[in-house]
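Here are my notes on the model you sent over, as numbered points. Have the structure open while you read.

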Amino acid sequence: MATGLNAAQVQKHLNPGRRARFRLLWAIVFVATCLVVLCMHPNQIAFMPLGQVLQNIALFLRVSFANLFGQTAPRVEGVALYAESAIRFRDTMLVLLAGAAVSVSGAVFQNAMRNPMAGPTMLGVSSGVSLAQVVLVVQYSASVYAMSATRFVYCYAFAGLVLLIVFGLGKLIGGGKNLVRDMLLVGTVVNRLISTIVSYYRTVMDADQLLVLQNLSEKGYDVFNSFFNIAIFVLVSVVCILPLYLLRFSMNALTFDDEDGRSLGVRTGVLRFVGLLSGSVLITASMVHFGNVGMLSLVVPHLCRRFFGAEFWKTCRACLFFGAFFMLVGRGITNFLYLANYQVPVGMVVNVLMAILFAWTILSSRRGLVSNSN
């Protein structure tokens, strides 16, 4: 008889020895998937030699750090498969970072709002990024491809401005009594307003501008696939995750009512603000440096809480791993499709994977409830 598993059942069946083997198995699967994706040739249906790829990655890192600190970089002329290995390494790093950032962002929002269906785009920061991309395309057209720094400044500035508007109006309207509800209301209005503006400009753009806008929003990892892009992404992610780690025990108090949290001596308002701010910046960074990734922020935290429990930092650690893993799987699938002349955005493939996983989780939960009632 099939049954659904929850976190308590998983922990019951996994004693320390089995838990260690479980982690080792997933680590092996993760590393193997990374190596397979790294060895995929970017221009043909073939695999590059693993030893050559690893040597080229080490050389690429030496060259990148030498250029970063103004030192003499090693020569790369004539190195076999160097360009291909560098492209695949940068792409894989962005995929892993984006998957981890989006999943943690979703977990933080769902924890802060006490809602398993909450998403990091509910406060309108994604609309701010979309509006910034429209402004960039209208102002610079195809020249934006060579303006990585300008793109980062515009996107982060517009997303930050939207976030300040939502926080400020939410606090002003409700007087701070129910800040989450008021921010969601303001975020919905701002999101609809910006979406209307973006839709208008999409209708008046010419074909070339629409193509540039599509590349920015759906294929940012291809357009700005550079070491500088990865470095900024890592820096922003560390800055956002660090306060979550330092407050990892206190964040569990957000699962209680605000009055219960305050009775425990926890400033729930400050914790919720830190969580929502960090989650919003993480999803903004993912959209700016990688592109739209769809349902990952909703499904992965839900799965991690189901199988590993609702403790905040445990959920975040699981989201870091599984978010990066599922994004990597989606990227591997899109690589094969691309080489077969099917240009499918990685967000679309990830959405299909997440829909299948979410449907399986729901069906498993219902089977578990039926079997438990019997």
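1. Start with valine 180, which is buried at a relative accessible area of 14%; buried means under 20%, exposed over 50% and partly exposed in between, using a 1.4 Å probe and protein chains only. Valine 180 belongs to helix α7, residues 179-204. Helices here are DSSP runs of H or I with at least four residues, strands are runs of E with at least two, and both are numbered from the N terminus. Leaving aside residues up to four places away in sequence, valine 180 touches Met113 and Arg272, a contact being heavy atoms within 4.5 Å. Valine 180 and arginine 272 are 92 residues apart along the chain, yet their C-alpha atoms are separated by 8.5 Å.

2. A word on what you're looking at. This is a predicted model, where local features need pLDDT of at least 70 and side-chain atom pairs count only at pLDDT 80 or more, while totals for chains, interfaces and linings use all residues. Residues are numbered from 1 along each chain as its sequence is written, and side-chain values use heavy atoms, with hydrogens and water left out.

3. Now the overall picture. The protein chain has 15 helices and zero strands. It runs to 374 residues, 45% of which count as buried. Among contacts with a separation of 6 or more, 75% come from residues 24 or more positions apart. The chain exposes about 18500 Å², with carbon and sulfur atoms supplying 66% of that; the areas come from the Shrake-Rupley method with a 1.4 Å probe, and for residues only the protein chains shown count as cover.

4. Two threonines deserve a look. Threonine 92 sits in helix α4, residues 82-113, and counts as buried at 4% relative accessibility. A polar atom of its side chain lies 2.7 Å from the backbone oxygen of arginine 88. Beyond residues up to four places away in sequence, threonine 92 touches Val37, Leu38 and Leu328. Threonine 315, in helix α14, is also buried, with a relative accessible area of 4%. Its contacts, again not counting residues up to four places away, are Ala107, Pro301, Cys304, Arg305, Gly309 and Ala310.

5. How do the helix lengths hold up? Helix α14 covers residues 312-339, and its 28 residues reach 40 Å from first C-alpha to last, close to the 40 Å expected at 1.5 Å a residue. The expected span is 1.5 Å times one less than the number of residues. For α3, with 19 residues, the span should be 27 Å, and the end C-alpha atoms are indeed 27 Å apart. The buried residues of α3 are Val53, Asn56, Ile57, Leu59, Phe60, Val63, Ser64 and Ala66.

6. On to the aromatics: the structure holds 17 aromatic pairs. Rings of Phe, Tyr and Trp (its six-membered ring) pair if their centres lie within 6.5 Å; planes under 30 degrees apart count as stacked, over 60 as edge-to-face and the rest as tilted. Phenylalanine 47 and phenylalanine 336 make an edge-to-face pair, 6.4 Å centre to centre with 65° between the planes. Phenylalanine 47 is in the loop between α2 (16-39) and α3 (50-68) and phenylalanine 336 is in helix α14, so the pair ties together parts that are 289 residues apart in sequence. Phenylalanine 336 is partly exposed, at 41% relative accessible area. Elsewhere, Phe22, Trp26, Phe30, Phe308, Phe321, Phe322, Phe325 and Phe326 form one aromatic cluster.

7. Check the arginines over rings, too. Arginine 248 lies over the face of tyrosine 245, 4.0 Å from the ring centre. The charged end of arginine 306 sits over the ring of phenylalanine 307, 5.7 Å from its centre. The criterion is NZ of Lys or CZ of Arg within 6 Å of the ring centre and within 35 degrees of the ring normal.

8. Finally, where does phi turn positive? Most residues other than glycine have a negative phi. Leucine 81, in the loop between α3 and α4, has a positive phi near 60° and is partly exposed at 26%. Serine 141, in the loop between α5 (125-140) and α6 (148-174), has a positive phi of about 55° and is partly exposed at 28% relative accessibility. Asparagine 341, just after α14, takes a positive phi of about 70°. Glycine 70, just after α3, has a positive phi of about 70°.

How values were computed. Polar contact = N/O pair within 3.5 Å; in protein donor to acceptor, adjacent residues only side chain to side chain.
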